[in-house]
Amino acid sequence: MNLVFLGYPGSGKGTQAKMLAERKNFAHLSTGDLFREEIAKGTKLGQTVKDIISSGKLVSDNIVLEVIESKIGSLKNDVIFDGFPRTVEQAEGLENLLEKYSRKVDAVLFFEVEEREVVKRLSARRSCSCGRVYNVISNPPKKEGICDSCGAALFTREDDKPEVISKRIDVYKDLTSPLISYYRTQGLFHIINASRPGEEVYGEIEKTLSEEKI
Ligand code: AMP
């Protein structure tokens with residue numbers, strides 16, 4: 001089963017994808033995480049995308065699709081694509097790539113949340129190099145600035161800084177939101193009310209998947 005998680009940055013896609021991956025044994029493919037790993041390792045790809053990501057723009061479709069192509073063959077059957085596709089071109093590219101393995105997108109879950117809520121969440125987000133993410137208001141670490149899991153210092157992502165947040169929101173509206181009607185017309189589209197607490201959102205995802213027999 002191939003699921004696409006779609007929505008504003010900060011809509012909770014990543015958190016829910018991690019939960020579903022852990023609890024239901026999905027592979028979790030987040031292009032954002034993947035790029036951040038490449039940046040941390042200092043690879044050529046990391047160097048290419050670093051400034052693009054810090055500025056809140058999108059990495060080019062060619063690069064994104066090359067990265068997905070290099071991973072897709074080795075992924076197990078149940079996959080969550082998180083933060084990909086982000087343009088109609090990427091969605092078409094994904095279909096072509098999946099077709100090569102006789103697979104398809106089975107469902108698109110759209111994480112619906114208001115823009116002002118997203119700004120609040122991104123501004124309050126603190127990240128850890130171990131992958132754990134906190135919200136300093138609704139889900140703070142036990143000790144301020146320190147990760148509960150690994151004890152490392154938390155940081156604010158370059159692209160979670162206020163001026164970049166508004167750029168990312170504009171980019172989402174211009175380039176990513178057309179995917180809503182793209183997938184709606186394909187009958188793959190499911191709306192998830194993502195403005196609620198995480199466990200409630202997770203419950204709705206589970207319900208949607210089972211009701212639709214996905
Ligand atoms: P995310 O962690 O999903 O919010 O992604 C962080 C940043 O990585 C984005 O703002 C983009 O610069 C880049 N990125 C992640 N996924 C994609 C994608 N599918 N297409 C283009 N750029 C992406």
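**View A. Pro-9 sits in the loop between β1 and α1.** Everything in these views comes from a predicted model, so keep that in mind as you look around. Pro-9 counts as buried, since its relative accessibility is 8% and buried means under 20%. Skip the neighbours within four places in sequence, and Pro-9 is in contact with Val-118, Leu-122, Arg-168 and Tyr-172. Now find Ile-169: along the chain it is 160 residues away from Pro-9, yet the two C-alpha atoms are separated by 7.4 Å.

**View B. Ser-11 is another resident of the loop between β1 (2–7) and α1 (13–24).** With a relative accessible area of 2%, Ser-11 is buried. What does the side chain of Ser-11 reach? It gets to the backbone oxygen of Tyr-8, at 2.7 Å. Beyond its neighbours within four places in sequence, Ser-11 is in contact with Phe-111, Val-113, Arg-121 and Ala-194. Hold on to Arg-121, as it stars in the next view.

**View C. Arg-121 belongs to helix α6 (residues 115–123).** Is Arg-121 buried or exposed? Its relative accessible area is 17%, so it is buried, the cut-off being under 20%. The side chain of Arg-121 reaches the backbone oxygen of Ala-194 at 2.7 Å. Leaving out residues up to four places away in sequence, Arg-121 touches Gly-10, Ser-11, Gly-12, Val-113, Asn-135, Ala-194 and Ser-195. So Ser-11 from the previous view turns up here too, because Arg-121 touches it.

**View D. Here is the ligand with the residues around it.** There are 16 residues around the ligand, and Thr-31, Arg-36, Lys-57, Gly-83 and Gln-90 come nearest. Sorted by type, the shell has 6 nonpolar, 4 polar and 6 charged residues. Which helix gives the most to this shell? That would be α2 (residues 31–41), with 4 residues.

**View E. Zoom in on polar atoms beside the ligand, starting with Lys-57.** A backbone N or O atom of Lys-57 lies 2.6 Å from an oxygen atom of the ligand. A polar backbone atom of Val-59 is 3.0 Å from a nitrogen atom of the ligand. With Arg-86, look at the side chain instead: one of its N or O atoms is 3.0 Å from an oxygen atom of the ligand. Taken alone, the ligand exposes 480 Å², and the protein buries 95% of that.

**View F. Tyr-183 is part of the largest nonpolar core.** This core has 55 residues, and Leu-20, Phe-81 and Tyr-183 touch the most other members. Not counting residues up to four places away in sequence, Tyr-183 touches Val-4, Pro-85, Ala-91, Val-108, Leu-188 and Phe-189. Pro-85 is worth a second look: it lies in the loop between β3 (79–82) and α5 (88–100). The peptide bond leading from Phe-84 to Pro-85 is cis, with omega near -5°.

**View G. Asn-25 and Ser-102 both have a positive phi.** Most residues other than glycine have a negative phi, and most peptide bonds are trans. Asn-25 is not a glycine, but its phi is about 60°. You'll find Asn-25 in the loop between α1 and β2 (27–30), where it counts as exposed at 53% relative accessibility. Ser-102 is not a glycine either, and its phi is about 55°. Look for Ser-102 in the loop between α5 and β4 (107–112). Is Ser-102 buried or exposed? It counts as exposed, because its relative accessibility is 71% and exposed means over 50%.

Terms used. Residues numbered from 1 in each chain as written. Predicted model: local features only at pLDDT ≥ 70, side-chain atom pairs only at ≥ 80, totals over all residues. Heavy atoms only, no water. Near = heavy atom within 4 Å. Polar contact = N/O pair within 3.5 Å; in protein donor to acceptor, adjacent residues only side chain to side chain. Areas by Shrake-Rupley, 256 points an atom, 1.4 Å probe, with all protein chains shown as cover. Helix = DSSP H or I, 4+ residues; strand = E, 2+ residues; numbered from the N terminus. Nonpolar A, V, L, I, M, F, W, Y, C, P; charged D, E, K, R; others polar. Core = buried A, V, L, I, M, F, W, Y, C linked by side-chain atoms within 4.5 Å. Buried < 20%, exposed > 50% of the residue type's maximum accessible area, 1.4 Å probe, protein only. Contact = heavy atoms within 4.5 Å.
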